[in-house]
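Take a look at the protein chain below. This short report starts with one residue and then widens out to the whole chain.

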Amino acid sequence: STSGGYTDLNSKDVLNVLTVNIAALGTFKGNTCFVATAYDVAMNESDFSNEVCVNMVIKKKPPALSVQ
């Protein structure tokens, strides 16, 4: 996502947890921003949390080196 561009289309419900493995949510590359909301048993949802943005870099394994 770009900063401030949040919709239900790019949201993930991670259920009742305190931490989330971001890699388990999908593949991200480039500038990616995250926010969180919480909801209660009546499904009342909170406002967005503070936004956190990071530049995701996909690292490729270097080619194998063969010495003869």
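Val54 sits in strand S2, which covers residues 52–56. The model shown here is predicted. Is Val54 buried, partly exposed or exposed? Val54 counts as partly exposed, because its relative accessibility is 35% and the partly exposed class runs between 20% and 50%.

What does Val54 touch beyond its neighbours within four places in sequence? Its contacts there are Gly30, Asn31, Thr32 and Phe34. Asn31 is 23 residues away from Val54 along the chain. Yet the C-alpha atoms of Val54 and Asn31 are separated by 5.7 Å.

Now turn to another valine. Val14 is found in the segment before strand S1, and that strand spans 30–34. Val14 also counts as partly exposed, because its relative accessibility is 30%. Together with Val17 and Val20, Val14 makes a nonpolar surface patch of about 190 Å².

The two valines side by side:

| Residue | Place | Relative accessibility |
|---|---|---|
| Val14 | segment before strand S1 (30–34) | 30% |
| Val54 | strand S2 (residues 52–56) | 35% |

Next, the whole chain. The protein chain has 2 strands and 0 helices. How many of its 68 residues count as buried? The share is 4%. The accessible surface of the chain comes to about 6400 Å². Carbon and sulfur atoms account for 56% of that surface.

Last, contacts along the sequence. Consider contacts between residues at least 6 apart in sequence. Of these, 42% join residues at least 24 apart.

Notes:
Residues are numbered from 1 along each chain as its sequence is written. This is a predicted model: local features need pLDDT of at least 70, side-chain atom pairs count only at pLDDT 80 or more; totals for chains, interfaces and linings use all residues. Side-chain values use heavy atoms; hydrogens and water are left out. Patches are made of residues with over 30% relative accessible area and no salt bridge: like charges are joined within 9 Å, nonpolar side chains (Val, Leu, Ile, Met, Phe, Trp, Tyr) within 5 Å. Accessible areas come from the Shrake-Rupley method with a 1.4 Å probe; for residues, only the protein chains shown count as cover. A salt bridge is a side-chain nitrogen of Lys or Arg within 4 Å of a carboxyl oxygen of Asp or Glu. Helices (H or I, at least four residues) and strands (E, at least two) are DSSP runs, numbered from the N terminus. Buried means under 20% relative accessible area, exposed over 50%, partly exposed in between (1.4 Å probe, protein chains only). Contact means heavy atoms within 4.5 Å.
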